[in-house]
Structures are given as C-alpha cells and as structure tokens.
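Trainee: I have a new model open and don't know where to begin. Can we go through it piece by piece?
Mentor: Fine, put it up and ask as you go.

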Amino acid sequence: MMLKEGRFGVQETVCLLAITISAKVFFSSPTYVVQIVGSTGWLMTLISAAVTGAVFLSVYTLIRLFPNKNIMDIHSAVCGKTAGSLLSLILSAGLMLTAVINLREFTEVMNVYVLPSSPPIFIIYMFIAVLIVFSYLGLETIARFSKLMAYVLLAGFIFLIVLGIKNYDINNIFPFWGHGFNRTIINGVKRSSAYGELMIIFVIAKSLQGKEHIKKAGILSLIYSGLIISASLLLFSMTFPYYVGQEITAPIYLSSSIIEYGVFFQRIESLFLIIWIVCSLISITASFYISLYINAYVLKLDDKKPLIIPYAVILAVAALLPGNIIQTLNIVENLREYGWILFFIPPLATLFVAKARRMLRSDRHA
Amino acid sequence: MLKKRFMMIFFVLILFSLSACYDAHEPADVSFVSFIGIDKGASDKYRVTVKLYNMRQNKDSGTLGGGAGDNNKTDNDTITVDAPSFYAGVNLLNTSIPHELNFTHTVVIVISKELAESGLVGEFLAPLIRYRELRRTTDIIVVDGSPQTFIEKIGDYLGEDAAGVFENLLYEADDTGFFPHITLNDFYNALKSTYYQPIAAYGAINDFNSFAREGQKWGGEFKIPGKLYAGQIPRIGGNGIELLGSAVFDDDRMVGELDGHETRMLLLLNGNYRKGIFTVQDPIKPDLIIPINLRLTEKPRIKIYLNGDKINIYVTVKTEGDIYAIQSHINYEDPKMIGMVEDAAREQLVQGLRDVVAKCQSMNSDVFGFGKHALNKFATIEALESFDWNGRFNEADIKITAEFKIRKTGGIINSYPLED
C-alpha cells in the first residue's frame, strides 16, 4: 500500500511554502547577509529567488514528462531504483538538516532574547511536542493550518512594517552596491539555497490537482517569499546602518523592539514573537515532515506514523549537537552557501539523465 | 479511548510549561531599575549608580512623595557602587539588594561629563548594548557633575513618580527643541558611524543660584532665550533637575557642548526639531521682542557635492511659525508689515544656524548627520570608508539658507498701537 497524503489546493500550498521559506528571515540570516554584501541584501535575495525560479522551471519539465508522479517516483523511473532512492534521500537529508539547524537557531535566539534562563533542551522539547502532534495530524492539516495562519501572519507582518516607519532612514540603503556589485551577484547565486525548500512542492506533487497547479503554486510561493524576504531585508537595512546591522543576533526582533510611539505604545516585540514562533513552527514542521515522508516513501513503508517519534528524537538530539550559537550560525551559513547541492542537484541530475535518455531514444527512433 | 486519554494527559502536562518555568519572575521578586548612572570611580574604574523603582510610591498607590521639596529625602533606593564594569557592579549590588535587578524598565542612562570627556563611553556602552534587558529605546544623557547626585535629585513631581517624571521630561524635547531626545540606539549608531557623530542631551542640577532675587532690574537689551547650559536657568522652585543643551562627541569622546539655542539650531539642521518658542527681536523697536512658535515646514534640503577631497554642502531650512505676541503693538499683521518680521526671523535663524555649524566644525564633529546625505555619492562601502568623512568635516564648505513664513497670528489679526 503506497503512502498517501491528503489533497489540498494551490492556496494551501502557496501558504505552506511561502511561510516555510520566509521564516528564516526572522533569525540571524539578515545579519550575515549584511556582513557579506552590506546594504544590498534586499537585491541579493531577489537574485537568489531568480536562480531558484530557474531551477524550479527546469525541474518542472520532469513533472510535465511524468504526470501524476512525485519527484521520488521520477528519480526512480529515470535513474533506476538504487540511484533514484539515493537522490531522494539526499533531498531528504537536506530538508532534515534544515529542520535541525532552524530548530537550533530558533532555540538560541529565544534563549538570548526571551527565555535566557531556560536550558535549550527545554525549549526544544516544547517545540518537538507540538511538532509531533502536527506530524501525526498529517500534511493536509499542516497545509490548511498554514493557510489559516498566513493571513494573520501577513497582517501582523505588515503592521510591524508600518509601525517601524519612524525608524526607517532611506540613506541607510546607500552606498547602493554595498560591498560591491560582483559580491552581490555572486552571493545571490551562491545563496539561492535560501529558497531550497521550494523543492518540497515536487515531493507533494501528488497532493495537488495536476501539473498546472504545481507550476502556479511554485511560482506564486517563490514570488511571495521573495517579496517578504526582500522587504524584510530592505526595511532592516533602513532601520540599522550596515555597520550596526552586521552585529545583531535577531535583526527583525530588534527592529520591532525599538518601535516606540510615546509612553504607551511600545514593546511591540511581543506581537513579533507570535508571528515568529508560528512561522518557525510551520517551517520546521514542514521540513521535518517532508523529510520523513521521503524516507518512508523510498523505504516503501505502508505507514509513516511509527517513524514520527523516532525521527523527532533524532531531530532533538541533532539540534543539541552544536556547542554554541556561533557554531550553529556557522552551520546555517554553510547550509545557505552549499545547500543547493542537497536541494537542487538531485532533481537537476535526474533532469539531465532524463534528457540524455530521451535524446538517446529519439536518436534510436530517427 | 486510550489515545484520547493519552492526549489529554499530554496537553495538561504541556500547560505547566506555559508559565515559562525557568524564566518566570514575579514582579515582587525583582527590583526594576529606573535610572543608571555611570561615572569614573575612585575605588574602581567605574562608579555605577542605580535607582530602583519604588513600587510603594507610584502614582497608583496613593502614597506619593509630595511636591518640589520632597524629592531630596534620603533614598535608600538609590545605590552606588564602584566596580570594574557594569555587570560586576550589578553583581556587587546584589550582595545587599534582596531582589534580582531588572533593567527592562530603565528610563535613562546618565553619564558624567568627566567620563564622557575621557573617551570611556564606548568602552562602557559595549556591554550595555549587548544586554538583552536594556532596551535600545533607553535614553542617554550627559550630566555636569556627578550622576549619583543627579539621580538622587530625581524624585516625584506633580503627582508623577520619578521614572514617570523623567520619561515625560524627555518628551519635552519635542515641545521646546532645547535638548535632543537621544536613545541608546541613536547614540550607538552614531558612535559606530564613519560619517556622522553622536550627541547626547545635557543635564544638570539647578541649585537656583542663577536666580537673582535682588539687584538691578533688566534693561532693554535683547537676549536670545536658551543661550545657557543645563543648571544655569535663572529660576527658583520647580524640579531640581533640568535638561538644556547637548553634548557633542567625536567618536566616544565628548569634545564640546552646545547651549539650548545652539541645540535648537542643530535640531533644525538635522530635521528633528518639532516646535518651540523662537524669540525674534522687534525690527522697529529693538528693545522689544516677538515670540514665535517655530516649526519646520519640511525636512531640511541638503545637497552634497564632492569635488575630489573637497566637500561642499548646501542646506536649506524651511520654517514657519505663529506669532504669539507683539510687545510693541505695532501692526505687523498687516500684509505690508509682516515681511519685516519674517525677514528679521529669517536673519536671526540663518545667523544661529551658521554659528552652530561653525562651532561644530571647529570641533570637527558632524553631529548634524550631513554625512548620511553623502552616502549616495559612493558606490561601495569601501569607497565611503576610505573617504573618511568624519576626518574631513572641518574642511567642508557649508552654505546655509533659511526660509521663514508666518502662518497664524493668534487671537489678534490687527494690532492697534498703545497710546503714548
């Protein structure tokens, strides 16, 4: 009996993927972006989104060639069972690594700003408990919950943007090219794995209503997440000049904490916390669940629920491996720079093999 | 059934964690610090003063500390310690204070002029900016004299507790323009900047000695109000502390002060001026004055031209105002006469603006933020930093023009002269 997930539409998929991809902007990534490219982070991320879009459209041709199949089926059909399984497991490893490191980053930032006396394991266990409940309820629940929360989160995000107007200084986005035009372009391409979670759409292809929905959902998710991340980086750059921005542990959190309108309207970061925690929950749960799903699919298991708790334990233990916040952020940066190997290479490799085999077949027919 | 029971037990257990466990702090278990004072120490490097928020004396408790005379009473909630650093000081204080000190409601950081002039501000602020409890919206002021004495002097006034008094006093920067409202975030951004310099509000205790109870009465000489420093206002009675003027820094070292009027001109130039009474000398009867409620019409227009190493700055400040009084009763409201007041105000403004720019250039400190407007002249951060804006500011050629228009004349639209 094949693993089956529920079915949901474009809106749910867009909400799920946009939240999953955008959640990373609430952690320390903007700080590293400013360190690397200066004030052009908002432009750099748009370049990353464009590169991811190109990869998406390329891999989408596989979906067109193999309708009603997900990427794991396509890997096996094109590359053979063993190689195909290996490629699927590489993608799964990428998603699991993303979930692990995002969870640890979330824990560290919570430790710094909100719960300084709580041991990391306490925060991780609380998070994992909710993650397990979500995983048991299934992908359809996660997707529908994302759609439910997306409007609230977007409204909260826009509210924070508007409130922060007093602190924006347009001069802070200059010098326009930051640390240089070349550096902006090169890092934009290198860090395209920031949108790597978009590949999830190919994993859940069977839950959508056809290949046109997949394309529409993928493009819309990329556009929305690109706009959200770019807007966040732009507004962060306008709030803090580059030399201060590259020091901050949680830039967006700090941007919300300096919002002050008189004696009464201040300490808005509590609103930001709600947005941040819900986004992180959806993002980490989605990455975790899809990784689990790929593994169960490749291993041809009838039911993935027995795997949830063991995988959650692995997630918790792996999240505790980095010794401190600096090690955690180094891993994050490595994932941003080299994550494309895990996210983009497997489907692109399959595409390459598929094209080569089709070319051979067409030569034979000629 | 078993699954439902398990889920119920699970969710009940989760509920216990909602109280935050390790980080739960009852308000009675902590002492909130309203003010932090930093000075050079005698027994150790720094002298750290903290004033604790006295819950029994807040405005809701009904046991207020009276009026002006009562804020001198001995406060055992203002404590000072000499320590090598801020954190060491906090730890040492907790050997006598039974509650953990909490800085989430700190209103202001008070730095002594002596510490500011010694260049230790950057060193002291480094741990404060990293500290999660101390918000970047906390204000920063420099005081003439000891922060310990200054903080002890802050007490209840006009029905408000000490923290509320000072918090509201800081907002008077918007009503008077005589001192800037500078937060830790503003100060730190300027401290680290390579293209503008920090300022801080200037405060002091007024011992009322400037008030001349007896002596020769004032003649007709025109005097611009606010050309004083904090502590020098000739008054008697009222709050023991005052804020007037600003401290000018070159990186983390205080290099000079601006009086109240100069600070107002500075705020006009950096666009942070809201409103204040600007006193114009009567053009026809120079021994009389015309107070005007001055406002900025728009943010100043600043154009920067870089000619190799030479900086040219053109600033246009557009202001407007309402006539509050015409002591001479001359009919300046007449359209033929109103221009005289506008011209007089404009000239006085331009002179004040030029004087403050010249003073800050002599200190080589771009506290106006002109450097921010030059950022778009550079393509990259490396080019900007190699230009060394802060180092070249004293050589810049700065041209200032001002515009002033009268908008309203108050309750009188046609002054009738007094009979001689």
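Trainee: At what angle do the axes of helix 2 and helix 15 of chain A cross?
Mentor: This is a predicted model, so every value here is computed from it. The axes of helix 2 (residues 29–37) and helix 15 (residues 325–338) of chain A cross at roughly 70°, and they come within 11 Å.

Trainee: Are helix 2 and helix 15 of chain A roughly parallel or roughly perpendicular?
Mentor: Angles of 65 to 115 degrees count as roughly perpendicular, so helix 2 and helix 15 of chain A are roughly perpendicular to each other. Their crossing is right-handed.

Trainee: Which residues make that contact?
Mentor: Helix 2 of chain A contributes Ser29(A), Tyr32(A) and Ile36(A). From helix 15 of chain A come Leu329(A), Val332(A), Glu333(A) and Arg336(A). By class, the residues of this contact are four nonpolar, one polar and two charged.

Trainee: What about helix 4 and helix 5 of chain A, how do they cross?
Mentor: The axes of helix 4 (residues 71–79) and helix 5 (residues 81–113) of chain A cross at roughly 145° and come within 6 Å. That crossing is right-handed.

Trainee: And which residues touch there?
Mentor: On helix 4 of chain A they are Ile71(A), Met72(A), His75(A), Ser76(A) and Cys79(A). On helix 5 of chain A they include Lys81(A), Ala83(A), Gly84(A) and Leu91(A). The contact of helix 4 with helix 5 of chain A has six nonpolar, five polar and one charged residues.

Trainee: Back to the start of chain A. Is Val14(A) buried or exposed?
Mentor: Val14(A) lies in helix 1 (residues 10–22) of chain A. Its relative accessible area is 6%, and buried means under 20%, so Val14(A) counts as buried.

Trainee: What is Val14(A) in contact with, leaving aside its neighbours within four places in sequence?
Mentor: Ala217(A), Leu220(A), Ser221(A) and Tyr224(A). As for Gly38(A), it is 24 residues from Val14(A) in sequence, and their C-alpha atoms are 30 Å apart.

Trainee: Change of topic: backbone oddities. Where is the cis peptide bond?
Mentor: The cis bond joins Phe174(A) and Pro175(A), with omega about -5°. Pro175(A) is in the loop between helix 7 (139–163) and helix 8 (181–190) of chain A.

Trainee: Why point that out?
Mentor: Because most peptide bonds are trans. Likewise, most residues other than glycine have a negative phi.

Trainee: What is phi at Lys300(A)?
Mentor: Near 55°, a positive value. Lys300(A) is in the loop between helix 13 (269–298) and helix 14 (305–319) of chain A. Lys300(A) is exposed, with a relative accessible area of 63%.

Trainee: And what is phi at His329(B)?
Mentor: His329(B), also not a glycine, has a positive phi of about 60°. It lies in the loop between strand 13 (310–323) and helix 9 (335–362) of chain B. His329(B) is partly exposed, at 31% relative accessible area.

Trainee: Last one. How many residues does each chain put into the contact between chain A and chain B?
Mentor: Chain A gives 41 residues and chain B gives 35. About 3200 Å² is buried between the two chains, and carbon and sulfur atoms give 56% of that area.

Trainee: Which residues of chain A lose the most area to chain B?
Mentor: Tyr242(A), Tyr243(A) and Arg267(A). Together they account for 18% of what the chain A side buries.

How values were computed. Residues are numbered from 1 along each chain as its sequence is written. Chains are lettered from A and ligands numbered from 1 in the order in which they are written. This is a predicted model: local features need pLDDT of at least 70, side-chain atom pairs count only at pLDDT 80 or more; totals for chains, interfaces and linings use all residues. Side-chain values use heavy atoms; hydrogens and water are left out. Axes are lines fitted to C-alpha atoms, for helices over the stretch in contact, and angles run from 0 to 180 degrees between N-to-C directions. Helices (H or I, at least four residues) and strands (E, at least two) are DSSP runs, numbered from the N terminus. Angles under 35 degrees count as roughly parallel, over 145 as roughly antiparallel, 65 to 115 as roughly perpendicular and the rest as oblique. A crossing is left-handed if the near helix is turned anticlockwise from the far one by less than a right angle, and right-handed if clockwise. Contact means heavy atoms within 4.5 Å. Ala, Val, Leu, Ile, Met, Phe, Trp, Tyr, Cys and Pro count as nonpolar, Asp, Glu, Lys and Arg as charged, and the others, Gly among them, as polar. Buried means under 20% relative accessible area, exposed over 50%, partly exposed in between (1.4 Å probe, protein chains only). Buried area is the accessible area (1.4 Å probe) that two parts lose on being put together, summed over both.
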